[in-house]
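Me: I'm new to this one and would like a close look at a single small part. Pick a spot, walk me through it slowly, and then show me what lies around it.

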Amino acid sequence: MYTVADLKKGLKITLDGDPYLVVAFDFVKPGKGQALYRTKMRNMINGTLLDRTYRSGETFDSANLEEREMEYLYKEGTHYTFMDQANYEQVVMEEETLGDAKNFLLENLKVDVMMFGEKPIGVSLPNFVNLRVTEAEQWAKGDTSGNDTKPATVETGYVLRVPPFIEEGELIVIDTRNGEYSTRVKG
Amino acid sequence: MHSDALWLRAHIIKSIRDFFWMRGFLEVETPLLIPANAPEEYIDPILALPWQLQTSPELCMKRLLCRGHKHIFQISHCWRADERGLRHLSEFTMLEWYRADGDYNNLMADCEDLLKHVATACLANSPVYSHKGFIIDPFSSWIKISVQEAFLKYSNTSVWECLEKGLYEDVLTTIIEPELGRYPSPVFLTDYPAELAALSRLKPDHPELAERFELYLGGLELANGFSELNDSLEQRRRFDEANVVRINFGRSALPLPERFLDELDRMPPAAGIALGVDRLVMLAAGAVSIDEVVAFTTEQL
């Protein structure tokens, strides 16, 4: 349990059932008046920003957040199932909650799942993942403009720009932080 | 904090002393550890059981007026629990002065003279204050606007309506203060509703208003002054009322300053004012945060 005196940038609290991160905070107190605690908070599930003003005496629940190591198992419709490595418990996450992470999820990938109580609210991926190219145009050998890129589809269905020499069936390294091609896995 | 800010701070404190010494004010030192502060609705003293650290030196300074001193000033540290932000430190430096020969109008005149003096003495190259990018010139003509006038003009609501709905602080800080910040000169917000009188005298011809003002520069609240109430019965009633509000808000009631109340009826008609020294340095330095103008913040200790 937090009180208004605990409010500061970076504090994580529960509000209307959702976890929020305090991103801006100011204390104002006009002469002889009541203190106001102005905050800007980001909903940690959907990212929306919220302005809230609190007064002395108000309290908040802390956000019960925990990162757990899990393995991605499979996808069914828009549901993604993960398994906790410690207790083999399975959790299901909606595609919407996963955001861009869904582009890099390959079966058996180890990820950290952020849990809000019993609810998964996001995953942290490894910075780099290896994915196989399932579809790419042929490289026109005569093309000398070496800086060009072409679209390619990888096994998760994700489409990105790759160098022209990448061919179908090749394994490539993708930077999950920006979703861009990084290098080719030689082999 | 930059060493220039410490020099500026020292110069300002010296120039404040010079200002009051030149005008024949007696510099006093009163105890910082006291048995009771004036109970206020929304100010929590820091306890040093069985006593408290002062939240303001006003009670002891008024007792000196009762003893016959006419013009006194003091620069001292004050403490208020849980006040911390861009403009607040729990321990801060306050200038207070009292005159037993005038009312709040004389104090407003003092403010003008003091801010001109400090600017001339400490900001020789450019004798102006600044806050959030706004320049405030103490040599331009100062503005005076009543609280009710300001609420009607800027928020289109009556201050009494806001008080009733619990919106006073919200409207004041989100609408009125930013508007006051646009003035290129200092602004006095005057004649507070009697509900916000604290230790001030009500206007004889308008008992719904108190002879109280606040000084703003660039929207930053710098000083709070008033014609002093010297009726111990009325003062006791207000302290009791403040304690009722405290209890309703889940705070504890505070002990009453009995010696002060015993002597208050002997206090001559007087006026007194508190000015935040750290904020004056902020305005002189153009600092956004109070952290920039003190040697150490609480967090650095």
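Reply:
**A proline in a loop**

Let's start at B:Pro50, which sits in the loop between β3 and β4 of chain B. (Helices are DSSP runs of H or I with at least four residues, strands are runs of E with at least two, and both are numbered from the N terminus.) Before going on: this is a predicted model, in which local features need pLDDT of at least 70 and side-chain atom pairs count only at pLDDT 80 or more, while totals for chains, interfaces and linings use all residues. Residues are numbered from 1 along each chain as its sequence is written, and chains are lettered from A and ligands numbered from 1 in the order in which they are written.

What's odd about B:Pro50 is the bond behind it: the peptide joining B:Leu49 and B:Pro50 is cis, with omega about 5°. Most peptide bonds are trans.

Now look at the strands around that loop. They belong to an open, antiparallel sheet of three strands, ordered β2-β4-β3 in chain B. At its edges are β2 (33–34) and β3 (47–48) of chain B, each pairing on one side only. Pairing here needs at least two DSSP bridges between two strands. β2(B) meets that with two bridges to β4 (residues 51–53) of chain B, running antiparallel. One spot to find on screen is B:Leu33, whose bridge partner in β4(B) is B:Leu53.

Zoom out, and chain B has nine helices and 14 strands. Its radius of gyration, taken over C-alpha atoms, is 19 Å, close to the 19 Å from the globule rule (2.2 Å times the number of residues to the power 0.38) for 301 residues, so chain B is as compact as a globular protein of that length. Along the principal axes, its C-alpha atoms fill a box of roughly 50 × 45 × 40 Å. Of the 301 residues in chain B, 44% are buried. Buried means 20 or more other C-beta atoms within 10 Å of a residue's own, exposed means 12 or fewer, and partly exposed is in between, with C-beta atoms placed from the backbone. Of the contacts in chain B with a separation of 6 or more, 68% are between residues 24 or more positions apart. A contact is a pair of C-beta atoms, placed from the backbone, within 7 Å.

Next, the inside. The largest nonpolar core has 80 residues, and those with the most contacts inside it include B:Trp97, B:Val118 and B:Tyr216. Such a core is a set of buried Ala, Val, Leu, Ile, Met, Phe, Trp, Tyr and Cys residues joined through C-beta atoms within 7 Å. Helix α3 (residues 104–122) of chain B gives this core its largest share, nine residues. Leaving out residues up to four places away in sequence, B:Tyr216 touches B:Leu180, B:Pro186 and B:Glu221, among others. A separate core of 20 residues includes A:Phe104 and A:Ile174.

A couple of backbone oddities are worth a click as well. B:Asp191, in strand β10 (residues 187–193) of chain B, has a positive phi near 55° without being glycine. With 22 other C-beta atoms within 10 Å, B:Asp191 is buried. A:Asn108 also has a positive phi, about 75°, but is exposed, with 9 C-beta neighbours inside 10 Å. You'll find A:Asn108 in the loop between α1 (95–98) and β10 (110–116) of chain A.

That brings us to chain A. An automatic or database assignment splits chain A into domain 1 (2–62), domain 2 (65–124) and domain 3 (128–184). The C-alpha centres of domains 1 and 2 of chain A are 29 Å apart, and four residues of domain 1 contact four of domain 2. Chain A also has an open sheet of six strands, ordered β1-β6-β2-β3-β4-β5, with antiparallel pairing. Its edges are β1 (2–3) and β5 (49–55) of chain A. Inside that sheet, two bridges join β2 (residues 12–15) to β6 (residues 59–62) of chain A, and A:Ile13 stands opposite A:Ser62 in β6(A).

Finally, where the chains meet, 15 residues of chain A contact 20 residues of chain B. On the chain A side, strand β3 (residues 18–28) gives the most, with three residues. That side of chain A divides into six nonpolar, six polar and three charged residues. Here Ala, Val, Leu, Ile, Met, Phe, Trp, Tyr, Cys and Pro count as nonpolar, Asp, Glu, Lys and Arg as charged, and the others, Gly among them, as polar.

Note on methods: Two residues are in contact if their C-beta atoms, placed from the backbone, lie within 7 Å.
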